[in-house]
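Here is a structure worth poking at with some "how do you know that?" questions. Take a look, then read on.

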Amino acid sequence: MRRALTAAIAALTLTAAGTTVTGAPGQAAPAGWGRPQPAAATPTPGSPGLGDSYFPDYGNGGYDVGHYDIRLRYEPATDRLTGTTTILATAIKDLSRFNLDFVLAVESVRVNGWVATYTRAGDHELVITPARPLTKGQQLTVVVKYAGVPSQTTVQGYTAWTRTADGALAVNEPESAWWWYPSNDHPKDKATWDISVSVPTGVEVISNGVQPRDPLPEAGNRTRWSWRSVKPGATYQAFLAIGQYDIVTDVAPNGQPVVNAYSTTLGERLPAARASIERTAEIVDWESGLFGPYPFEAQGGVAGPVDGIGFALETQTRPVYGPGFWRRGANPYVVVHENAHQWFGDSVSVADWRHIWLNEGFASYAEWLWSEEQGEGTAQELFDFTYDSYPADSEFWQVRPGDPGPSGIFDDAVYDRGAMALHQIRLAVGDAAFFRILRTWTAKRQYANGTVAQFQALAERISGRDLDAVFTTWLFTPGRPDVTAAARTTAAPAQPASWTRIRAAHDLLGR
């Protein structure tokens with residue numbers, strides 16, 4: 001979990017200023033082109049944001065994306081990226097223009113084969129005016145050609161693209177697509193992906209999903225790697241790991257392919273990384289018993305290089321882990337956390353970034369459940385010890401996990417108090433109802449979005465209980481809630497055996 005630009009970006013007001021550019025001399029649109037429309041219909045611009053309460057200019061309105069075909073060429077020696085992304089979408093209103101989120105230099109844009117004009121607005125808006133107005137329900141094919149050096153392309157002084165000694169990582173949250181493919185960058189607009197990258201032969205490329213074909217040799221001592229995701233996902237859940245990797249493949253208990261990749265730079269940390277990530281299929285199998293069938297087509301993990309990221313991210317089908325997680329030995333708890341996100345965050349995504357508790361609180365509580373399973377401390381013992389580890393006057397208790405603010409979406413409270421909130425819900429409704437609530441949530445909202453209010457309504461419907469006091473106290477009220485002695489295992493809880501590894505993982509997760 002990683003956030004880069006939070007409050008600063010959220011506070012920006014987009015401007016309409018920008019220089020109009022055409023990729024090539026365009027054709028004049030014939031008069032009267034397009035479907036017959038009612039005389040009163042007047043195409044209007046799509047909105048430059050989806051109105052997220054924390055990041056209002058993330059995403060765009062007026063269309064819905066179904067698929068991204070991302071075809072790239074990357075040069076590790078210079079970090080130069082050249083690309084053509086084809087976007088298949090549907091107009092959901094009559095459009096005179098629409099926006100994409102993107103920051104690299106654009107060479108040309110075509111919409112349904114016609115050259116389109118484009119301008120820049122704000123920090124990351126690409127404003128496209130098609131040669132012909134678009135009508136509601138019309139299928140769109142948008143082709144954007146671009147090039148640049150992502151590590152040198154910044155927004156508010158920041159780039160989500162991590163250049164490494166042997167390649168790069170495109171891994172971040174809540175924004176990462178801006179630096180490598182144009183998109184409608186918000187979890188409310190999910191799509192599938194085909195991702196194809198040409199690199200010098202001997203360099204590996206790992207991404208989401210499955211490989212539809214083996215790596216293909218190309219002219220000039222190059223190789224093209226291809227990956228495909230057939231289940232819809234949010235834009236930030238697509239990733240690239242480019243560099244020197246050892247790739248290990250297997251088959252999971254449910255018959256799915258497992259692809260794990262390990263940077264060759266890990267050195268003495270490699271055994272710990274393998275001892276953790278190679279348990280992915282086991283962990284996914286266990287989580288499937290709690291949360292319902294695994295929602296995607298492949299499994300695995302990527303252990304990134306020593307000069308890569310300092311966090312981990314639940315990239316769809318194949319989480320990416322920074323090297324710090326293996327510094328003190330194996331840590332399966334971070335693997336439990338990131339794979340729990342495949343249900344809570346990836347399959348069921350937030351409808352608005354203020355609902356981040358639905359991602360991080362749930363993945364953190366999965367670690368407590370794994371601790372119970374392994375006999376390393378019950379969820380109740382972890383609740384007691386976590387509660388006591390934060391003094392009553394700690395700033396930790398001032399963050400509301402149900403609405404932490406744009407700069408606090410990865411605060412410790414979202415993880416730890418978020419897990420405590422779920423434990424209190426579990427105590428209030430009982431185990432049978434609690435786990436039925438989790439499985440129903442993941443089933444009913446698979447590949448869709450959710451809010452805290454919707455989760456509360458579901459929990460109340462299944463349990464038959466009024467849970468407003470629990471949700472309000474633990475998610476929306478600053479200050480340390482009172483916990484009665486009857487709700488504790490002991491007045492002075494001992495440290496659970498799992499605590500050290502859970503804490504070590506969380507120290508990195510929120511970076």
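What follows is a short back-and-forth about the labels used for this model.

Q: What kind of model is this, and how are the residues numbered?
A: The model is predicted, with local features needing pLDDT of at least 70 and side-chain atom pairs counting only at pLDDT 80 or more, while totals for chains, interfaces and linings use all residues. Residues are numbered from 1 along each chain as its sequence is written, and side-chain values use heavy atoms, leaving out hydrogens and water.

Q: Why is Gln456 called buried?
A: Buried means under 20% relative accessible area, exposed means over 50%, and partly exposed is in between (1.4 Å probe, protein chains only). Gln456 has 13% relative accessibility, so the label is buried. The residue sits in helix 9, residues 452-463; helices here are DSSP runs of H or I with at least four residues, strands are E runs of at least two, and both are numbered from the N terminus.

Q: What does Gln456 touch, leaving out residues up to four places away in sequence?
A: Gln456 touches Leu467, Asp468 and Phe471. Contact here means heavy atoms within 4.5 Å.

Q: Which residues does Phe455 touch, with the same sequence neighbours left out?
A: The list for Phe455 includes Trp357, Leu422, Ile437, Trp441 and Phe471.

Q: What makes a group of residues a nonpolar core, and which residues have the most contacts inside the largest one?
A: A nonpolar core is a set of buried Ala, Val, Leu, Ile, Met, Phe, Trp, Tyr and Cys residues joined through side-chain atoms within 4.5 Å. The largest has 148 residues, and those with the most contacts inside it are Ile128, Val142, Trp180, Leu240, Trp326, Trp357 and Phe455.

Q: Why is Trp441 called buried, and where does it lie?
A: Its relative accessible area is 2%, so Trp441 counts as buried. Trp441 lies in helix 8, residues 431-444. Its C-alpha is 7.6 Å from that of Leu458, with the two positions 17 residues apart in sequence numbering. Leaving aside neighbours within four places in sequence, Trp441 is in contact with residues including Phe344, Val348, Gln454, Phe455 and Leu458.

Q: Is Ala281 buried or exposed, and what makes it so?
A: Ala281 has 17% relative accessibility, so it is buried. Ala281 is found in helix 3, residues 280-291. Setting aside residues up to four places away in sequence, it touches Ala252, Pro253, Val258 and Gln299. The C-alpha atoms of Ala281 and Val258 are separated by 7.3 Å, though the two are 23 residues apart along the chain.

Q: Why does Glu125 count as buried?
A: Its relative accessibility is 0%, so Glu125 is buried. Glu125 lies in strand 9, residues 125-129, and its C-alpha is 4.9 Å from that of Asp101, 24 residues apart along the chain.

Q: How do you know that Asn112 is partly exposed?
A: A relative accessible area of 23% is what Asn112 has, so partly exposed is the label. Asn112 is in the loop between strand 6 (105-111) and strand 7 (114-115), and its phi is near 55 degrees, a positive value in a residue other than glycine.

Q: What makes a positive phi or a cis bond worth pointing out?
A: Most residues other than glycine have a negative phi, and most peptide bonds are trans. Thr317 has a positive phi, near 75 degrees, and the peptide bond from Glu173 to Pro174 is cis, with omega near 5 degrees. Thr317 is in the loop between strand 21 (312-313) and strand 22 (320-321), whereas Pro174 is in the loop between strand 12 (167-170) and strand 13 (191-200).

Q: Is Thr317 buried or exposed?
A: With a relative accessible area of 0%, Thr317 is buried.

Q: Which spans does UniProt annotate as domains, and what is their helix and strand content?
A: An unreviewed UniProt entry lists "domain: Aminopeptidase N-like N-terminal" for residues 67-212, a span that is 0% helix and 53% strand. The UniProt annotation "domain: Peptidase M1 membrane alanine aminopeptidase" covers residues 333-474, and that span is 62% helix and 4% strand. UniProt positions use the numbering used here, feature names are shortened, and annotations may be inferred rather than shown by experiment.
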